[in-house]
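Open your viewer and get ready to click through a protein. Each stop tells you what to select and what is there.

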Amino acid sequence: TEEGLRDSIGQGLGTARGELMTHGAPIEQPGHAPLVAVEGELQWFAIWTRSRHEQVVRSQLERKQIEVFLPTILRWSHWKDRRKQIEWPLFPGYCFARFDPRHRMPVLKCSGVVSIVSVDGEPAPIHEYELEGIRRLLESDLAFDPCPLIREGMMVEVTHGPLKGVAGRLLRKGAHARLVLSVDLIGQAVSVEVDAADVRPY
């Protein structure tokens with residue numbers, strides 16, 4: 001669901017691993033405990049937007065001189081008589097802004113903003129190194145695809161192929177994910193390998 005996706009964005013950005021480098025110096029990566037919004041400090045937050053309003057929100061935030069980050073990729077759009085490359089949000093429905101949580105009303109008043117991603121009713125800040133990792137990836141020549149956050153042990157659903165619509169527990173991640181299909185009542189199960197790109201959270 002869209003709500004589940006919103007939660008996974010807010011929580012999943014904390015799963016990056018490895019040392020990132022900026023201008024030859026390593027970026028310090030703090031522990032993965034959730035950040036706490038600090039009044040008076042500029043922190044990064046995820047902004048949940050209406051569908052197809054990400055760039056509209058970005059433009060408004062820029063006009064208000066609020067630092068904003070909207071990661072995008074190029075996609076081919078099919079028109080009636082031609083194909084055209086367009087800029088498309090990497091995480092549809094989200095952009096990121098850096099501001100003091102005490103002064104969030106200018107953000108919330110932007111046309112197209114639904115809310116600031118929050119935990120327990122308070123805006124949930126994002127580690128800066130997580131967004132820096134995404135920036136570095138977008139600036140690189142590496143091939144990549146956006147994917148939902150899934151972890152081993154989660155219930156997932158197959159989205160393509162002969163098992164489309166089948167749900168099971170993710171036993172192993174990798175280029176080929178191993179999916180366990182179980183009959184819990186009798187304590188029996190079978191496992192099968194599927195393409196990792198063909199599963200999503202159930």
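**Stop one: a charged residue**

Start with Arg98, which is partly exposed at 26% relative accessibility. This model is predicted. Now add Glu67. Glu67 is partly exposed too, at 39%. The two form a salt bridge, with their closest N and O atoms 3.6 Å apart. Arg98 lies in strand E7 and Glu67 in strand E4 (residues 67-69), so this pair links distant parts of the chain, 31 residues apart. Select Glu128 as well: Glu67, Arg98 and Glu128 make up a network of salt bridges.

**Stop two: two further bridges**

Select Glu87 and Arg58. Their side chains meet in a salt bridge, 3.6 Å from N to O. Glu87 sits in strand E6 (residues 83-89) and Arg58 in helix H2, 29 residues apart. Which of the terms buried and partly exposed fits Arg58? Arg58 counts as buried, because its relative accessibility of 18% falls under the 20% limit. Glu87 is partly exposed at 34%.

Next, pick Asp100 and Arg102. Their salt bridge has its closest N and O atoms 2.9 Å apart. Asp100 is buried at 8%, while Arg102 is partly exposed at 47%.

**Stop three: the cores**

Select Ile47, Leu61, Ile66, Cys95, Ala97, Phe99 and Val107. Within the 14 residues of the largest nonpolar core, these touch the most other members. Strand E7 (94-99) is among the elements that give two or more residues to this core. E7 provides the largest share, three residues. Zoom in on Ala97: residues it touches include Trp44, Phe45 and Val68.

Finish with Trp44, Ile73, Leu90 and Phe91. They belong to a second, separate core of 13 residues.

Notes: Residues are numbered from 1 along each chain as its sequence is written. This is a predicted model: local features need pLDDT of at least 70, side-chain atom pairs count only at pLDDT 80 or more; totals for chains, interfaces and linings use all residues. Side-chain values use heavy atoms; hydrogens and water are left out. A nonpolar core is a set of buried Ala, Val, Leu, Ile, Met, Phe, Trp, Tyr and Cys residues joined through side-chain atoms within 4.5 Å. Buried means under 20% relative accessible area, exposed over 50%, partly exposed in between (1.4 Å probe, protein chains only). Helices (H or I, at least four residues) and strands (E, at least two) are DSSP runs, numbered from the N terminus. Contact means heavy atoms within 4.5 Å. A salt bridge is a side-chain nitrogen of Lys or Arg within 4 Å of a carboxyl oxygen of Asp or Glu. Lists of a residue's contacts leave out its neighbours within four places in sequence.
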